[in-house]
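Q: Please take a close look at one part of this model, the packing of its side chains. Start with the aromatic rings and follow the packing outward from there.

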Amino acid sequence: MARFSELCLGPLESVPVSVVAQPGVTLMSLVADALGGRSQGVHPAWRRALSSAVPDGAETVLRPLFTPEYSMVPDCLTPTAPLWETDLSVQLDRLTEVAPHVLLRELETDFGGTVPRQWQSVIDRPKAFIHAYAAILRAVWEAFGPVWARAGSLLARETERVGVAVVSNALPLVLAGLGPKIRFAGQTLYVPDPHPETFERGARRVVLVPIVSGNGASVFSFDRSDAVWFGYPVPGLNTLWTTERAEEAATERDPLKLVVGTLRAGILRELARPCTMGSLAATLNCTPATVTYHCGQLEAAGLLTRERRGQHVVARRTETGAALVSLLTR
């Protein structure tokens with residue numbers, strides 16, 4: 001059974017939100033999937049390319065970080081610790097220069113003085129481990145860098161989408177659609193975690209980090225003093241697997257689609273007049289089950305209502321839904 005850590009955000013209208021295209025988060029997601037045995041939904045072709053790009057024995061070097069019982073990457077080994085530093089080459093250089101005693105001290109602190117057995121090889125030869133680890137991360141990024149560059153339009157689009165959502169009070173829709181592994185209900189975000197905890201945001205900023213790795217990506221940090229951040233699959237990720245589809249996605253600039261997604265935008269626009277679930281499915285060329293799911297999400301957000309009339313369920317926009325469509329229609 002999946003377990004989840006919880007982040008209590010508080011009233012969303014008072015939550016300060018930023019979007020950061022932090023390549024280090026994508027890098028760690030790629031490493032976890034391709035080399036650490038932690039599925040992030042990375043495309044098989046990308047996974048094969050990354051596995052073949054790293055030095056022999058990379059999985060063995062990384063094993064201490066991804067052992068299920070004690071899955072943990074010390075802060076000094078993460079290229080995400082300086083969250084606002086988005087030049088990955090600078091962060092990888094910094095990793096190479098980590099002093100062995102810093103790593104050993106952090107392991108002692110993180111594990112309360114009893115470091116698990118799988119870290120013993122690191123304790124015995126910390127300097128060799130640091131250099132091998134940094135070399136693996138650099139090799140992965142050299143292989144994946146061109147894909148990250150091609151994702152620039154998707155990352156820019158996501159920054160715009162979140163920005164529009166914040167100013168139009170549609171942030172709950174964004175949080176409810178951050179990927180298959182992340183859940184949002186009420187004022188709480190749930191992210192999968194083998195060692196779940198509950199966190200309060202307090203006065204900290206929330207940072208959204210779109211990830212260019214796989215559709216199941218989920219990376220987060222809720223224990224920083226300055227911000228809480230979580231990574232999620234950048235919308236449109238699949239388009240990177242074909243150049244033509246990536247170019248089509250980059251040209252899409254419908255503000256309503258940016259905020260709620262293409263299908264939900266279509267539903268809201270069709271509901272300029274009340275419609276049955278069947279007619280919506282036929283008009284939008286999708287299954288009734290798909291329409292029912294997305295209408296449920298829009299209803300939970302207060303953008304439409306549904307009522308049964310005989311054998312049919314009829315949906316209609318609420319005043320809030322109509323106002324959102326009007327605001328975000330050019």
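A: What follows goes from ring pairs to nonpolar cores, and then to the strands and a helix. Keep in mind that the model is predicted.

Start with the rings. A pair of aromatic rings is described by the distance of the centres and the angle of the planes. Searching the whole structure turns up eight aromatic pairs. One of them joins F111 and W119. Their centres are 6.4 Å apart, with 55° between the planes. That pair is tilted. F111 and W119 are both buried.

W119 also pairs with F129. Here the centres are 6.4 Å apart and the planes stand at 70°, so this pair is edge-to-face. The W119 and F129 pair links distant parts of the chain, with the two positions ten residues apart. W119 sits in the loop between α5 (100-110) and α6 (120-124), while F129 belongs to helix α7 (residues 126-150). How buried are the two partners? W119 has 0% relative accessibility and therefore counts as buried. F129 counts as buried too, because its relative accessibility is 8%. The cut-off behind both calls is under 20%.

Elsewhere, ring pairs tie four residues into a cluster. Its members are W46, W141, F144 and W148.

Now the nonpolar packing. The largest nonpolar core holds 47 residues. Y133, V140 and V212 have the most contacts inside this core. Several helices give it two or more residues: α1 (23-34), α2 (44-53), α3 (58-66), α4 (88-96), α5, α7 and α8 (152-167). Helix α7 supplies the largest share, twelve residues. Take V140 as a probe of this packing. With neighbours within four places in sequence left aside, V140 contacts L27, L30, V31, L35, L50 and V54. Apart from this core lies another, of 45 residues. L12, L175, A265 and A315 are among its members.

A315 leads to the strands. It stands in β11, opposite C275. Strand β9 (residues 275-276) pairs with strand β11 (residues 312-317) in the antiparallel sense, over two bridges. Strand β10 (residues 304-309) also pairs antiparallel with β11, over six bridges. In β11, V314 is the residue opposite E307. β10 and β11 form a hairpin with two residues between the strands. G310 takes a positive phi there, near 65°.

β11 also helps to cover a helix. That helix is α15 (residues 319-327), whose buried residues are G321, L324 and V325. Viewed down the axis of α15, these buried residues fall within an arc of 100°, so they line one face. Their cover includes α9 (171-175), α11 (255-260), α12 (262-270) and β11. The face turned away from the buried side carries exposed E319, S326 and L327.

Last, strand β1 (residues 4-8). Four of its five residues are buried. Two other strands pair with β1. Strand β4 (residues 188-192) runs antiparallel to β1, joined by five bridges. Strand β5 (residues 198-200) runs parallel to β1, joined by three. E6 has a partner in each: Y190 stands opposite E6 in β4, and T198 is its bridge partner in β5.

Key
Residues are numbered from 1 along each chain as its sequence is written. This is a predicted model: local features need pLDDT of at least 70, side-chain atom pairs count only at pLDDT 80 or more; totals for chains, interfaces and linings use all residues. Side-chain values use heavy atoms; hydrogens and water are left out. Buried means under 20% relative accessible area, exposed over 50%, partly exposed in between (1.4 Å probe, protein chains only). Two strands pair if DSSP finds at least two bridges between them. Rings of Phe, Tyr and Trp (its six-membered ring) pair if their centres lie within 6.5 Å; planes under 30 degrees apart count as stacked, over 60 as edge-to-face and the rest as tilted. A nonpolar core is a set of buried Ala, Val, Leu, Ile, Met, Phe, Trp, Tyr and Cys residues joined through side-chain atoms within 4.5 Å. Contact means heavy atoms within 4.5 Å. The arc is that of the directions from the helix axis to the C-beta atoms.
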